[in-house]
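These are my notebook entries from a session with the structure shown here. I went through it chain by chain and sheet by sheet.

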Amino acid sequence: MSAGFRSALFYQDPKAALAWLEEAFGFELVMLLEDADGNVAHSQMEFGDSYVMIGQEWSADHKSPKSVGGKNTQTVHVQIDSDVDAHFARAKAAGAEIMAEPETQFYGDRTYRCRDPEGHIWTVSQTVASVSREEAEAASGLKITGWR
Amino acid sequence: MGDRARLPTIGPLLWYQDAMGAIAWLERAFGFEAGMVVEDGQGGVIHSELWLLGGYVMVVGPPVGDGAVSPATFGGRSTQSVHVQLQSGLDELCARARAAGAKIEREPADQPYGDRVFTCRDVEDHPWSFGQTVEKLSVAQMEQATGHKIKV
């Protein structure tokens, strides 16, 4: 049983996405359902304690960013516990479109942001410093309720 | 709850026009609990963590830059959805969500692969699916039931 929720992402070419996500992010394909024509009916890729589901566009309302001008209604955040810079280098080498290079944020995470080949946006973070809520509020000027 | 060291590896981030409204709605409809909300002082939310059953989502908005958009201003279209796997109480959760105004798209029904599932749209039309395993099937049984070839 995975710890988190499962993001289900819509692609024009889910098989290409499966291959790319393995190469770029190190996701592992653990389940693939194909119909008689070899189309992806359902798939699950595992990473850490969680997994994502990679599927086809399946209605006029469920579209790849590639089909809707690069827009994203949701994105996937990946929290790792080691070497976000190595993760970044691997994704970049695989052709990820880099939106933000790894940078340490005011709340103590080192984060980068990229798009995959069909325009889905991914963020990847590693916690590198312990920051209190008071410190984060002072550094950002934001009102913060609750803290981790 | 809300412990950064125990963040699951994967967390979905959803864009909303009215993020504070969405947080209140998700608490009421699905039973989420807000562990953290970071407000911009102008009615917007730049980060939040909402927890349910060991999983979390981030609710942010209004959308800014980077091609971000809410389905509410995008003709009801979406580029991802969130799936929540329950251990129990699927029908009760569906009733709670419906009472809160969720648009139920697929009513709770047993699927050939052994899960009971319902799907719905939330207050800004993001799609959600909820599943609960009611019969544990082997891969061979699932292949026979679905007609799909399954690789594991």
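**Entry 1: ground rules.** Before looking at who faces whom, I noted that two strands pair if DSSP finds at least two bridges between them. I also kept in mind that this is a predicted model.

**Entry 2: a sheet from both chains.** I began with strand 1 of chain A, residues 6–11, and found that it pairs in the antiparallel sense with strand 5 of chain B, residues 80–86, over four bridges. Within that pair, I saw Ala8(A) standing opposite Ser81(B). I then looked at what lies on top. Helix 1 of chain A, residues 14–25, packs on the sheet and touches strands 1, 2, 3 and 4 of chain A. The direction of this helix makes about 5 degrees with that of strand 3 of chain A.

Next I traced the whole sheet. It is open, has nine strands and mixed pairing, and follows the order 6(B)-7(B)-8(B)-5(B)-1(A)-4(A)-3(A)-2(A)-9(B). I asked myself why one side of strand 6 and of strand 9 of chain B is left without a neighbour in the sheet. Both stand at the edges and have a single partner strand each, so one side stays free of a neighbour in the sheet. From one strand to the next, I noted a twist that averages 20 degrees.

**Entry 3: the other sheet.** I looked up a second order and found 6(A)-7(A)-8(A)-5(A)-1(B)-4(B)-3(B)-2(B)-9(A), again an open sheet of nine strands with mixed pairing. Its edge strands are strand 6 (97–104) and strand 9 of chain A, each of which pairs on one side only. Ignoring direction, neighbouring strands here are turned by 15 degrees against each other on average.

Then I checked where the chains meet in this sheet. Strand 5 of chain A and strand 1 of chain B run antiparallel and are joined by five bridges. Here Val78(A) has Ile10(B) opposite, in strand 1 of chain B. Helix 1 of chain B packs on the sheet and touches strands 2, 3 and 4 of chain B, with its direction at about 5 degrees to that of strand 3 of chain B. I found another meeting point at strand 9 of chain A, which pairs with strand 2 of chain B (residues 33–39) in the antiparallel sense over three bridges. The bridge partner of Ile144(A) in that strand is Val38(B).

**Entry 4: the contact between the chains.** How many residues of chain A are in contact with chain B? I noted 50 residues of chain A in contact with 49 residues of chain B. Strand 5 of chain A gives the most to the chain A side, with seven residues. By class, that side holds 24 nonpolar, 17 polar and nine charged residues.

**Entry 5: chain A by itself.** I listed three helices and nine strands in chain A. Read from the N terminus, they run β-α-β-β-β-β-α-β-β-β-α-β. Taken along the principal axes, the C-alpha atoms of chain A fill a box of roughly 55 × 30 × 30 Å. Of the 148 residues in chain A, buried ones make up 39%. Among contacts in chain A with a separation of 6 or more, 48% come from residues 24 or more positions apart.

**Entry 6: the cores.** I looked up the largest nonpolar core and found 35 residues. Those touching the most other members include Ala22(B), Leu26(B), Val57(B) and Phe130(B). Helix 1 of chain B gives the most to this core, with six residues. I also checked Val60(B): neighbours within four places in sequence aside, its contacts include Leu13(B), Trp15(B) and His47(B). There is a second, separate core of 30 residues, with Leu33(A), Met53(A), Ile121(A) and Val124(A) among them.

**Entry 7: one residue up close.** I finished on Leu86(B), which is found in strand 5 of chain B. Is Leu86(B) buried or partly exposed? It counts as partly exposed, because it has 16 C-beta neighbours inside 10 Å, and a residue needs 20 or more to be buried. Leaving out neighbours within four places in sequence, Leu86(B) is in contact with Leu53(B), Leu93(B), Phe130(B), Gly131(B) and Gln132(B). I also noted Gly55(B), which is 31 residues from Leu86(B) in sequence and 11 Å from it in space, C-alpha to C-alpha.

Definitions and conventions. Residues are numbered from 1 along each chain as its sequence is written. Chains are lettered from A and ligands numbered from 1 in the order in which they are written. This is a predicted model: local features need pLDDT of at least 70, side-chain atom pairs count only at pLDDT 80 or more; totals for chains, interfaces and linings use all residues. Helices (H or I, at least four residues) and strands (E, at least two) are DSSP runs, numbered from the N terminus. Axes are lines fitted to C-alpha atoms, for helices over the stretch in contact, and angles run from 0 to 180 degrees between N-to-C directions. Two residues are in contact if their C-beta atoms, placed from the backbone, lie within 7 Å. Ala, Val, Leu, Ile, Met, Phe, Trp, Tyr, Cys and Pro count as nonpolar, Asp, Glu, Lys and Arg as charged, and the others, Gly among them, as polar. A residue is buried if 20 or more other C-beta atoms lie within 10 Å of its own, exposed if 12 or fewer, and partly exposed in between; C-beta atoms are placed from the backbone. A nonpolar core is a set of buried Ala, Val, Leu, Ile, Met, Phe, Trp, Tyr and Cys residues joined through C-beta atoms within 7 Å.
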